[in-house]
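I opened my notebook to look through this fold at my own pace. Here is what I looked up, entry by entry.

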Amino acid sequence: MQKRRALLGSLAIAAAIICAVIVTRADDASDAERLIETLELKAGSTVGEIGAGDGDLTILVARHVGPAGRVFTTELGDDRVRTLRAAVEKAGAGNVTILEGDAARTNLPDGCCDAVFMRAVYHHFGDPAAMNRSLWASLRPGGRLAVMDFTPRGDEEASNPADRDEDGRHGVKAKTVLKELVAAGFERIQVEDRKGRDFLVVVRRP
């Protein structure tokens, strides 16, 4: 009986892990589809992702833009860059260029991208004005920028950008993101509430 319970417990844990993976993959696919649509990505487009994490979105977008397209993708720190590189190599995404990120600049070549995107990254910018200037420089005229992020729980937002990842105020409001991007010279395309606390802000470089 004890062995049976242990087996059932193990199966339950395994099922929970599988469900979590399925949800994550579904979210990745949904987010990639939305980004492709709103950024108007086509075969041959050049795209940048800031703070790519495990690289799932980078890989999905790379498949969409195809061998004639290109994706620049970044992460902070040697360990994260190695993890990202391993994921890209495993996926066989030969049109992806991996770059070391920076807290205040994209490290992308000037004017390289038709579009740039990030997910759950913007609220980590301690100096959003500096990063937004760099995002502007990385985009070609007419290029689009998409920011996927989440609002803080409740209605309290950190007044200092460096505190936006603190417990209790973790996140950033869509109106704040839009305000900071417009101050950098971007033009609003849309602001979209998504599920839960998630939102999408899309702007363009004139």
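**Entry 1, the sheet.** I began with the strand order in this predicted model. I found an open sheet of seven strands with mixed pairing, and its order reads β3-β2-β1-β4-β5-β7-β6. Next I checked the edges: β3 (96–100) and β6 (187–193) stand there, and each has a single partner strand, so one side of each lacks a neighbour in the sheet. I also looked up the twist, and neighbouring strands are turned by 15° against each other on average, direction ignored.

**Entry 2, the β6 edge.** How many bridges join β6 to β7? I counted six between β6 and β7 (residues 198–204), and the two strands run antiparallel. For one pair I noted the residues: Asp193 has Phe199 in β7 as its bridge partner.

**Entry 3, helices on the sheet.** I turned to helix α2 (residues 56–65), which packs on the sheet and touches β1 (46–49), β2 (70–75), β3 and β4 (113–119). The direction of α2 makes about 170° with that of β2. Helix α4 (residues 128–138) packs on the sheet too, touching β4 and β5 (139–150). For α4 I wrote down an angle of about 135° with the direction of β5.

**Entry 4, Ala104.** Where does Ala104 sit? I located Ala104 in the loop between β3 and β4. Its relative accessibility is 28%, so I logged Ala104 as partly exposed. Leaving aside neighbours within four places in sequence, I found Ala104 in contact with Ala130, Met131 and Ser134. Last, I looked up Gly126, 22 residues from Ala104 along the chain: their C-alpha atoms are separated by 7.6 Å.

Conventions
Residues numbered from 1 in each chain as written. Predicted model: local features only at pLDDT ≥ 70, side-chain atom pairs only at ≥ 80, totals over all residues. Heavy atoms only, no water. Pairing = 2+ DSSP bridges. Axes fitted to C-alpha atoms, helices over the stretch in contact; angles between N-to-C directions. Contact = heavy atoms within 4.5 Å. Buried < 20%, exposed > 50% of the residue type's maximum accessible area, 1.4 Å probe, protein only.
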